[in-house]
Amino acid sequence: MSGQIALVDGKDNIYSNHYRLEKPYLFSFLEVDDSINISLEEDNRGCKIKFIHILGDVSLAVNTAAGWHQCLDVFSQIVNGEAKNWQNNTAELRGIYSKAFS
C-alpha cells in the first residue's frame, strides 16, 4: 500500500510525503530528502522496533538525532503505559550526539 501523508513539524509547516505500508511490519516515508523506515521484528520476548532515518543532508544529523531521541523516549512512555513526560534536554542531547558523530 502506498500514498501520501501530511506531517506537521511543530511550526505548522506541512509536508506532503510518499509512504509505503506493508502490514503489519513496515512503515516508511520520505520527508523532503530524507527516508524514514520503521519496522517491527519479532523476537523471543515479543517484538522490537527497528528505526532507520537516512538523511539527505548529513549536516542535520546532530539535531535530527536529538529530536528523534526525545520522540522515542515519549513513545516508550506511551507503550509502557507511563505518563508522557517530554524532557527539555535538547542541548544536552545535541552535545552527546555531536561527540558520538565526530
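These legends walk through several close-up views of a predicted model of one protein chain.

**Figure 1. The whole chain, before zooming in, holds two helices and five strands.** Reading from the N terminus, the order of elements is β-β-β-β-β-α-α. Along the principal axes, the C-alpha atoms fill a box of roughly 40 × 35 × 30 Å. The chain has 102 residues, and 19% of them count as buried. Among contacts with a separation of 6 or more, 14% come from residues 24 or more positions apart. Keep this overview at hand as you move on to the close-ups.

**Figure 2. Helix α1 packs against helix α2.** Helix α1 covers residues 61-79 and helix α2 covers residues 90-100. Their axes lie 8 Å apart and meet at an angle of about 125°, which makes α1 oblique to α2. The crossing of the two helices is right-handed. On the α1 side, the contact is made by Val62, Asn63, Ala65, Ala66, His69 and Gln70. Facing them from α2 are Thr90, Leu93, Arg94, Tyr97 and Ser98. Sorted by class, this contact has five nonpolar residues, five polar ones and one charged residue.

**Figure 3. Phe27 and Phe29 form a tilted aromatic pair.** The structure holds four aromatic pairs, and this view shows one of them. The ring centres of Phe27 and Phe29 are 5.4 Å apart, and their planes stand at 40°, so the pair counts as tilted. For Phe27 the relative accessible area is 26%, so this residue is partly exposed. Phe29, by contrast, is buried, because its relative accessible area of 8% falls under the 20% cut-off. Widen the view a little and Tyr19 comes in: together with Phe27 and Phe29, Tyr19 forms one aromatic cluster.

**Figure 4. Phe51 and Trp68 form an edge-to-face aromatic pair.** Here the rings sit 4.5 Å centre to centre, with 65° between the planes. The pair links distant parts of the chain, as Phe51 belongs to strand β5 (residues 46-54) and Trp68 to helix α1, 17 residues apart. Is Phe51 buried or exposed? With a relative accessible area of 25%, Phe51 is partly exposed. Trp68 is also partly exposed, with a relative accessible area of 24%.

**Figure 5. Ser28 is a buried residue of strand β3.** Strand β3 runs over residues 26-31. The relative accessible area of Ser28 is 9%, so Ser28 counts as buried. Which residues does Ser28 contact, leaving aside its neighbours within four places in sequence? They are His18, Tyr19, Arg20, Ile36 and Asn37. One of these contacts, Tyr19, also appears in the aromatic cluster with Phe27 and Phe29.

**Figure 6. Gly3 lies in strand β1.** This strand spans residues 2-8. With a relative accessible area of 25%, Gly3 is partly exposed. If you would like a distance to check in your own viewer, try the C-alpha atoms of Gly3 and Phe75: they are separated by 24 Å. Along the chain, these two residues are 72 residues apart.

Note on methods
Residues are numbered from 1 along each chain as its sequence is written. This is a predicted model: local features need pLDDT of at least 70, side-chain atom pairs count only at pLDDT 80 or more; totals for chains, interfaces and linings use all residues. Side-chain values use heavy atoms; hydrogens and water are left out. Axes are lines fitted to C-alpha atoms, for helices over the stretch in contact, and angles run from 0 to 180 degrees between N-to-C directions. Helices (H or I, at least four residues) and strands (E, at least two) are DSSP runs, numbered from the N terminus. Angles under 35 degrees count as roughly parallel, over 145 as roughly antiparallel, 65 to 115 as roughly perpendicular and the rest as oblique. A crossing is left-handed if the near helix is turned anticlockwise from the far one by less than a right angle, and right-handed if clockwise. Contact means heavy atoms within 4.5 Å. Ala, Val, Leu, Ile, Met, Phe, Trp, Tyr, Cys and Pro count as nonpolar, Asp, Glu, Lys and Arg as charged, and the others, Gly among them, as polar. Rings of Phe, Tyr and Trp (its six-membered ring) pair if their centres lie within 6.5 Å; planes under 30 degrees apart count as stacked, over 60 as edge-to-face and the rest as tilted. Buried means under 20% relative accessible area, exposed over 50%, partly exposed in between (1.4 Å probe, protein chains only).
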